[in-house]
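Got your viewer open? Let's walk through this one together, one selection at a time.

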Amino acid sequence: MVQYFTKAFFDEVASRLHADEEWVKKATNVTAKVVLTCFDRKVSFLLDIQGGRISVTEVVSDAPADFKFEGNYDSWTQLGKGEKDFQSLVMGGKIRFRGS
């Protein structure tokens with residue numbers, strides 16, 4: 001088992017999505033760069049989505065991206081466990097969103 005919010009974790013997410021025929025089919029036309037930042041762990045990851053394929057790179061939090069999501073580890077964990085939904089975390093100011 002990999003540790004949550006690490007490069008290994010996001011690599012595993014990408015691997016599972018690449019193996020999901022439904023994801024590949026629906027994401028074929030998706031091109032986006034998404035940075036996810038965990039403030040209190042001082043770590044950020046760029047998910048570069050190109051035609052349904054995802055590459056993951058550890059980056060600085062101000063790396064250029066189409067979308068940025070920033071929060072602390074507890075908020076990310078609540079989202080990951082399904083204890084809170086994304087919308088309530090954003091609306092409650094626990095995860096910040098920037099992008100169009």
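Start by selecting K26 and E22: their side chains form a salt bridge, with the closest N and O atoms 3.5 Å apart. Keep in mind while you click around that this is a predicted model. Both residues sit in helix α2, which covers residues 21-26. They are four residues apart, about one turn of the helix. Now color by accessibility. K26 comes out as exposed, because its relative accessibility is 62%. E22 has 42%, so this partner counts as partly exposed.

Next, step back to helix α1, residues 7-18, and pick K7 and D11. What do the side chains of K7 and D11 meet in? A salt bridge, at 2.9 Å from N to O. The spacing is four residues, about one turn of the helix, and both ends lie in α1. K7 counts as partly exposed because its relative accessibility is 32%. D11 also has 32% relative accessibility, so D11 is partly exposed.

Time to leave the helices. Select K33 and D48, a salt bridge whose closest N and O atoms are 3.6 Å apart. Strand β1 (residues 31-38) holds K33 and strand β2 (residues 43-50) holds D48, so this pair ties together parts that are 15 residues apart in sequence. Is D48 buried or exposed? Buried: the cut-off is under 20% relative accessible area, and D48 has 15%. K33 is partly exposed, with a relative accessible area of 34%. If you want to hunt down the rest of the salt bridges, the count comes to five.

Leave K33 on screen and add A65. You'll find A65 in the loop between β3 (53-59) and β4 (67-71). Which residues does A65 touch, not counting residues up to four places away in sequence? K33, V34 and V35. At a relative accessible area of 26%, A65 is partly exposed. Now draw a distance from A65 to Q3, C-alpha to C-alpha: 24 Å in space, for two residues that are 62 apart in sequence.

Clear the selections and switch to cartoon for the overall view. There are four helices and five strands to find. Trace the chain along the sequence and you get α-α-β-β-β-β-α-α-β.

Now for some whole-protein numbers. The C-alpha atoms fill a box of roughly 35 × 30 × 25 Å along the principal axes. How does the radius of gyration stack up? A compact globule of 100 residues would come in near 13 Å, and the protein has 13 Å, which agrees. Turn on a contact map if your viewer has one: among contacts with a separation of 6 or more, 55% are between residues 24 or more positions apart.

Finish on the surface. About 6500 Å² is exposed, and carbon and sulfur atoms supply 53% of that area. Of the 100 residues, 32% count as buried; D48 from the strand stop is one of the buried residues, with its 15%. For a last coloring, go by charge: there are 14 positive and 14 negative charges, and their mean positions are 3 Å apart.

Terms used: Residues numbered from 1 in each chain as written. Predicted model: local features only at pLDDT ≥ 70, side-chain atom pairs only at ≥ 80, totals over all residues. Heavy atoms only, no water. Helix = DSSP H or I, 4+ residues; strand = E, 2+ residues; numbered from the N terminus. Rg over C-alpha atoms; globule rule 2.2 N^0.38 Å. Buried < 20%, exposed > 50% of the residue type's maximum accessible area, 1.4 Å probe, protein only. Contact = heavy atoms within 4.5 Å. Areas by Shrake-Rupley, 256 points an atom, 1.4 Å probe, with all protein chains shown as cover. Lys, Arg positive; Asp, Glu negative; His and termini not counted. Charge placed at Lys NZ, Arg CZ, Asp CG, Glu CD. Salt bridge = Lys/Arg side-chain N within 4 Å of Asp/Glu carboxyl O.
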